[in-house]
Each structure stands twice: as structure tokens, then as C-alpha cells.
Amino acid sequence: MLDIKLIQNDFETVATALRKKKVDESLLENLRTLSLELKNARIVLEPLQAEQNAKSKLFGVYAKEGKDVNALKAELADNKAKIAEAQEIVRALEEQMEMQASVIPNMPSSLVPEGEDENDNVELKRVLEPRVFSFTPKEHWDLDIKQNWIDFERGVKLSKSRFSVLKNEAARLERALINYMLDFNRKRGFHEVCVPYIVNRETLMGTGQLPKFEDDLFKIEGEELFLIPTAEVPVTNLFRDEILTQEELPIKMTCYSACFRKEAGSAGKDTRGMIRQHQFDKVELVSITTPEQSEAVFDEMLSCASDLLTSLGLPHRHLMLCGGDLGFSAAKTVDLEVWLPGQNRYREISSVSNTFDFQARRAKIRFKDNGKNRLVHTLNGSSLAVGRTLIALMENYQQEDGSIAIPDVLKEYM
């Protein structure tokens, strides 16, 4: 979360930065009001505590001098009651501040452009030229091999809409992509981890999904446990409440997981095909770094994801997200959008984000720097969304006879 001291001491700077994210300033005003109330409550509490300490020391003095201590006891009892009342006020205000701060997003980096929504994102570059087809390319749900590859109807029968079943070569290709992505990332210096798909509330608080986005999570009935929306959540939280050494940073990890999202805000969007599913596979990159390393590590993660797409022969572009399209925890995000010839457009396949110390402050992830504890920077990125990569391969490698070619790098995995 944001540094509350920064909000208290430099409110205008924080407010100006968050305007770029289109944040309701009343949230910040409420937090500033609470912080002032807390400051005043502590001003009331601290003299009472000082008085209690000073008068408690008088017992020994009174005993030596043979004085009656009954009046002193009465004064201390009265003051103790005042302290308890003042402490409760401070505790309640601290709790309110914690809750208020937990729903305020991260400040964007100064590099993030102004903008209202995805239409104002800035294209940075394009990688590979889209293939020129001698026939009209089809979308993945209209390909001739679809019935032997993807079963949408049985996915709905088993679960509900936005679920599907992969069959035959599609199931093998999905598995091949996962293994290829993990191997590719490992060769680029990201060590592999395997984590639980069910996590507790504290874990989701640490990366910023809770409390604000609970409606988009699948919750385990009767328990404070949730299905993960992305491997970023458990992998980042591996180091929650820990103090790392500077020598072990950066820690760079890659992880395959299934992901589960209610897609609460996507009614009517991408209702056909596999673009937007409640359950999907993803290979993730997560890094824990010092603040001084974080921009270099960001570039390394972005290059890794982009080079992975290039190795698969998939044309794509880099987009810097504007303030209005930036995620809750992100200070800076570059999306990779892959070319889908059937849709004749680019679609998101990866987001690489630097959250600076926002998640680290929530999750209390620190490192020792010359004896002083400092907050780390955390970064995450898709490398890649497996289902969307499968779709991109189907559409980009479709042949006129209805078959699908396989990139050379995947043949050994098939």
C-alpha cells in the first residue's frame, strides 16, 4: 500500500500522481482526515502515558519518606482509565486507516502517460510482421479442426459458460507450450517454483487483490481461502513477512499455474472462444529486487516475454499502459499484444508490471541494506498466457487445407 507518512506529509504530490489513475480523491481526503485524527489522538495519549510512568516511580520515593500512597494510587487508577480510553481511540483509528489505505491504488511512475482508458495506451514498438495469407484466415472457433481440438459445449456442460475442454492435439500443444515456456524462462535465469492454487486472505492482501477485488475471486465456502487469479499471488508472497539479504537479490522466478477468475466486470465481452475464460493456464515471471535493480529487471522480464513470442514466430507489439488503464498495484506496465489474423487485431497476451514497493509494504517484504531494513521492489509478468498463445498459434499457423503447422521450437515438445 502507499506510505501513509507520505500521504500525511506530502498529500498534494500523492493526489496529483493518483489523478493520473483516475482515483476518487475523496478516498485520499478520508485517509488524510483519519491521519490527522490519529495524530491528535496520539497527542492526547502520550502525555497520559508519560504521567503514568512518572507517578509510578513516586511509589518508591513515598515509601522511603513514609508518605501515604492512597491518593497516589487513586490518581494512577484514574489516569489508567483515561489511558485505556485514549488507546482504544488510537487503535480504532489505526484500524480505519489500514482499511482505507488498503483500497487506494499504487501511484503511477512518472513515465506513465496520461490517458483515460485502453484507447490512450502508447505503442512502443512492433516485433515481426504479420503473415500475408493467400486465403481469408479464420478465427480459432471457426477453424475446421476446432471440433477435434476444442469442445466448448462439453465445457459448459461440465461447469458453465467460459469453460472449455481441450482435446487431442490441442491438449498436447497446451502441455508442450507450458514445458517450452518454463524451459525458456529457466534458461533466461528465472528459477522454477511450483506453488499452491489455493491461498489465504493474507496472501491476497499482500499482492493487492483484497480487499478491493474480492468479487472477482472464487472463494472456498466456509473458509478464508481462495483460488488464485494468477501465480503472481503465491509466488510474490513466498517472502511475505521476511527480511532478505541484499546478496540474494534479485530473486527471479517462473511458475506455471492454473488461474481462476470470475471475470465479474466482463459481461458481454469475448463471449465466444477461449479469449476470456474462468479457468486458464499461465506461466508467470516474478522478481524480488532492490529498488536500484528494479528497472533493469523490468526490462529483462519484458525482453524475456517478448523473445518467447518471437521464438514462436508470433507477431506482437509493446504497449505502455496509460494512467487510466493501469492496474491497482502497478506503478508501470507494458502489455504485449499478439497478432490474431482471424480477428485482424492485436490482443493482450502478457502484462509486465513493476509495483515498486507497493506490494512489499503490504506483504512486509524487506531486505538488509548496511544493517537497515528497506522495502524490496516486486515485479510480475505473464510469460505467457498459455491459452491465448494456443489461440495465436492456431490462427497464425493455419493452412488453407484446415491443418495447423507447428513452430519448429515446439516439435521436440510434441
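Colleague: Which residues lie nearest the centre of the second largest pocket?

Modeller: M1, I4, E98, R361 and K364 do, out of 24 lining residues. This is a predicted model: local features need pLDDT of at least 70 and side-chain atom pairs pLDDT 80 or more, while totals for chains, interfaces and linings use all residues. Numbering starts from 1 along each chain as its sequence is written, and side-chain values use heavy atoms, without hydrogens or water.

Colleague: What makes a residue part of the lining of a pocket?

Modeller: An atom within 4 Å of a pocket point. The points sit on a 1 Å grid over the protein atoms alone; a pocket is an open set with protein on both sides within 12 Å along at least five of seven lines, whereas in a cavity a 1.4 Å probe fits but cannot get out.

Colleague: How much space lies in this pocket, and which elements supply its lining?

Modeller: About 590 Å³, a volume filled by probe spheres set on points joined across faces, edges and corners. At least two lining residues each come from α1 (4-9), α3 (25-56), α5 (70-102), α9 (201-207) and α12 (358-363). Helices (H or I, at least four residues) and strands (E, at least two) are DSSP runs numbered from the N terminus.

Colleague: What classes of residue make up the lining?

Modeller: The lining has 13 charged, 7 nonpolar and 4 polar residues. Charged means Asp, Glu, Lys and Arg; nonpolar means Ala, Val, Leu, Ile, Met, Phe, Trp, Tyr, Cys and Pro; the others, Gly among them, are polar.

Colleague: How do you know that the span of helix α8 agrees with expectation?

Modeller: The expected span is 1.5 Å times one less than the number of residues. Helix α8 (residues 168-187) has 20 residues, so 28 Å is expected; its end C-alpha atoms are 29 Å apart, which agrees. Just after α8, G189 has a positive phi of about 100°.

Colleague: What does the same test give for α11?

Modeller: Helix α11 (residues 294-311) has 18 residues and reaches 25 Å, close to the expected 26 Å. G313 follows just after α11, with a positive phi of about 70°.

Colleague: Why is Q279 called partly exposed?

Modeller: Buried is under 20% relative accessible area, exposed is over 50%, and partly exposed is in between (1.4 Å probe, protein chains only). Q279 has 39%, so Q279 is partly exposed. Q279 is placed in strand β9 (residues 279-289).

Colleague: What makes K22 and F356 stand out in phi?

Modeller: Neither is a glycine, yet phi is positive: near 60° for K22, about 55° for F356. K22 sits in the loop between α2 (11-19) and α3, and F356 in the loop between β12 (345-354) and α12.

Colleague: Why are K22 and F356 called partly exposed?

Modeller: K22 has 40% relative accessibility, so it counts as partly exposed. F356 has 25%, so F356 is partly exposed as well.

Colleague: How do you know that β10 is covered on both faces?

Modeller: Side chains in a regular strand alternate between the two faces of the sheet. In β10, H316, H318 and M320 on one side and R317 and L319 on the other are all buried. That fits the count for strand β10 (residues 316-320): 5 of its 5 residues are buried.

Colleague: What makes β10 a partner of β1 and of β11?

Modeller: Two strands pair if DSSP finds at least two bridges between them. Strand β1 (residues 122-127) and β10 share 5 bridges, antiparallel. Another antiparallel pairing, also over 5 bridges, joins β10 to strand β11 (residues 332-340). R317 is the bridge partner of R126, and E337 in β11 is the bridge partner of R317.

Colleague: Why do β7 and β14 count as edges of their sheet?

Modeller: The open sheet of 3 strands has the order β7-β13-β14, with mixed pairing. β7 (242-245) and β14 (372-375) each have a single partner strand, so one side of each is left without a neighbour in the sheet. β7 and strand β13 (residues 365-369) are parallel over 4 bridges, and E242 has I365 as its bridge partner in β13.

Colleague: Which peptide bonds are cis, going into P211 and P250?

Modeller: The bond from L210 to P211 is cis, with omega near 5°, and the bond from L249 to P250 is cis, with omega near 0°. P211 lies in the loop between α9 and β6 (225-227). P250 lies in the loop between β7 and β8 (251-260).
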